[in-house]
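Thanks for coming, everyone. I would like to take you through one model this morning, going element by element, and I will begin with a question once you have it in front of you.

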Amino acid sequence: MHFANFVKIRLSPTSLLLLTIFGQTVIMGFAWGFTGGLLFTGVLALPDHIVRLIVEYPTVLTLIVTLISTTLSIVTSMFFTFAVKEALRHHLSGPITLFKLRTAIALSRPTWVLRWKSLKLSALTLVVYSVINFLNTSWSTLLLPTLVEWPVTTFGTELDLGSAAFVNQFSTDLNTAQANSVQAPAFQTINVLTLLSGIAAVNVQGGVQMSSMFSFNGVSYNQSTGGILPVIEEYSGSSNPPGAAVGLAFSGGQVPVNTSFDWGHLGRDAGTQGISKNYTITQQGVTANVTCQPIDRSQNEFYVDPIITQGQNSTFYTWEAVVNCSGNLNSLTYFTLGSVGGQIDNATEGFLPIVVCPYPNSTTFNPYKFDVFMSGLYKYNFLPTTVCEVVPYLTTVNVTYNGGIISVDRISSSSGLTSSPNLPLSQYIASVMNYQAGSNQAMIKNTIGDFLTAYGTSNVSVMQSELEDYWRGIAEFASTQLRSGYTASGVPSSMTRSISGTMYITTYGWRSQAHTYILLLVVITIIWGTTVLAAGYSLIKEQLNTSDPTFDFSDPVHLIVAASGGRLESQLRDGDGDKADNNEDITVRFEDVPDKMGRRLSKRLVTVAPEPLPQTAAP
């Protein structure tokens, strides 16, 4: 049943045509408005409660979108075919060949016809047929929400370790008389974490590529902290108030973040969670260039002297590890245990003295770099006396927050901020390493020595590479712990720097795909334009000459009755059966059949005699 049959009882042909133009324009306006809004915003995301329903019932989404797109496709096709049929109904008032009548019927269905002698008309029917059948796909493509990654601009501030205000405050705190007593409880608490931060940072262990996780204050890092502090709320870690343990005394607790999001034109969607979120933020990091190599005894000295104390069941050794690095001295005292006979078992007992030079709190400490001296004894004698030069510096890093894990990628070298001799950052990092050096040694073993025993004892260069990663990891962790402590109490604006990045929300919605949507809009606009032109043509013709809207030339019953009334079947039957294709070249026309009162009763289809060819003059 055709569109006009639904409403022809109540509406005139003119009203139907105007309704067709209005309805098709509304549909096209919706398509353009939806696509324009999408191209303007870039992403249209569904509300979270709808996304949760989609995740829980994915097939329902397909069903609903299919129903909507099918309905729009049917209505659009209905308006199109009605307008085209009305235009053709007025056009068919004159002579026309049977093939053109067949073409008109195909265009009003729509379907397609094929005749090699009339390829242009055949191609026209094929194009219209393809466009109409493409409608459902067009609406489905346009309306079906898919998984999209919605980028949202992120900005905020963080503690700037290179700012003059922070450098002055930090230097004052380090040089107070109570500095050591303030730091001691924090160092004791994070001692194990400091060790683990170094081990986790070792990228290659025993020649094997490793991927380790390190956690501090409720935050998980991929291999190393990179010297950064999390700036995303859900990655900020512990929610327990740190109390008075802030600054140098910080060992854990809640650290506030100062990050905001620019939702742009989609302010109503602020707070959207979607299915998942990840972040990429450019921040300030801290790392160190660490180079480990055998000691150059022409410039440095490292020696260890034991003091033996004989006990009843064992022997106690008090070691004084002394370093002279280019005229700067530092020493560290160690205690180990030997047998009652004063012997140390080279297979089960080991001693690995480690000393930082210069002494971090000395006036001769170099803020640009310092050295870490190490020497393996007894079961650690595979490690020769080694010097690791540590050069800490500020850097810019890309930080990825994803899946509860923070990954740090360094994107620039030294920022030059460490060139100031007042910068106390190196001093703090050296203090952490110096404390760690003494705490790693137990009575009969050393944690770092056992680590090296497990990985890389057969290759000195491999061990040196592992030690470089180890000390670099500690330098980065010490910086993160420092940032946490000074951020926990609030950061004055004079100590902050700007950060920026992007939050990516994975959700269901629509993402701007200019080429795809332009193609779909071209199809929908062509159908709209054709509908409006056809309906406008019909309106003009209707004003000039009122036609019979009850006759439908595309209706087989109406067509059979009209052909029978015009005796067309006899003429087709008398034709040459071997040239049936020529019947489509017969010219016909529709004529009104009046009743006795002269009123139009019906239509009949009659043939039109071809015009005679002009005669040429006789010679």
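Which residue in S11 does Glu-301 stand opposite? The partner is Asn-324, and before I build on that, let me say how to read the model. This is a predicted model, in which local features need pLDDT of at least 70 and side-chain atom pairs count only at pLDDT 80 or more, while totals for chains, interfaces and linings use all residues. Residues are numbered from 1 along each chain as its sequence is written, and side-chain values use heavy atoms, with hydrogens and water left out.

Strand S10 and strand S11, the latter covering residues 315-325, pair in the antiparallel sense over 11 bridges; strands here are DSSP runs of E with at least two residues, helices are runs of H or I with at least four, and both are numbered from the N terminus. Two strands count as paired if DSSP finds at least two bridges between them. The wider setting is an open sheet of 3 strands in the order S10-S11-S12, with antiparallel pairing. Its edge strands are S10 (300-310) and S12 (328-338), each of which pairs on one side only. From one strand to the next, the twist averages 15°, where axes are lines fitted to C-alpha atoms, for helices over the stretch in contact, and angles run from 0 to 180 degrees between N-to-C directions.

Next, the pairings around strand S17. Strand S9 (residues 276-294) and S17 (residues 386-402) are antiparallel and share 17 bridges, with Gln-283 standing opposite Val-397 in S17. S17 is also joined to strand S15 (residues 370-374) by 5 antiparallel bridges, and there Phe-370 has Val-390 as its bridge partner. With strand S18 (residues 405-410), S17 forms 6 bridges, again antiparallel, and Thr-400 is matched by Ser-407 in S18. The hairpin of S17 and S18 has 2 residues between the strands, and in it Gly-403 takes a positive phi near 60°.

Another hairpin, that of S6 and S7, also has 2 residues between its strands, and here Asn-217 takes a positive phi near 55°. S6 pairs with strand S7 (residues 219-222) in the antiparallel sense over 4 bridges, and Ser-215 stands opposite Ser-220. In a regular strand the side chains alternate between the two faces of the sheet. In S6 (residues 213-216), Phe-214 and Phe-216 make up the covered face, whereas Met-213 and Ser-215 make up the uncovered one.

Turning to the helices, H2 (residues 13-41) has 29 residues and reaches 42 Å from its first C-alpha to its last, close to the 42 Å expected at 1.5 Å a residue; that expected span is 1.5 Å times one less than the number of residues. Just after H2, Gly-42 takes a positive phi of about 90°.

Finally, helix H4 (residues 58-91) supplies the largest share, 3 residues, of a nonpolar patch. Leu-53, Tyr-57, Val-60, Ile-64 and Ile-68 make this surface patch of about 440 Å². Val-60 lies in H4 and counts as partly exposed because its relative accessibility is 38%, the class between buried, under 20% relative accessible area, and exposed, over 50%, with a 1.4 Å probe and protein chains only. Leu-72 is also placed in H4, but Leu-72 is buried, at 18%. The C-alpha atoms of Leu-72 and Ser-140, 68 residues apart along the chain, are separated by 9.7 Å.

Technical notes
Patch = residues over 30% accessible without salt bridge, like charges linked within 9 Å, V, L, I, M, F, W, Y side chains within 5 Å. Areas by Shrake-Rupley, 256 points an atom, 1.4 Å probe, with all protein chains shown as cover. Salt bridge = Lys/Arg side-chain N within 4 Å of Asp/Glu carboxyl O.
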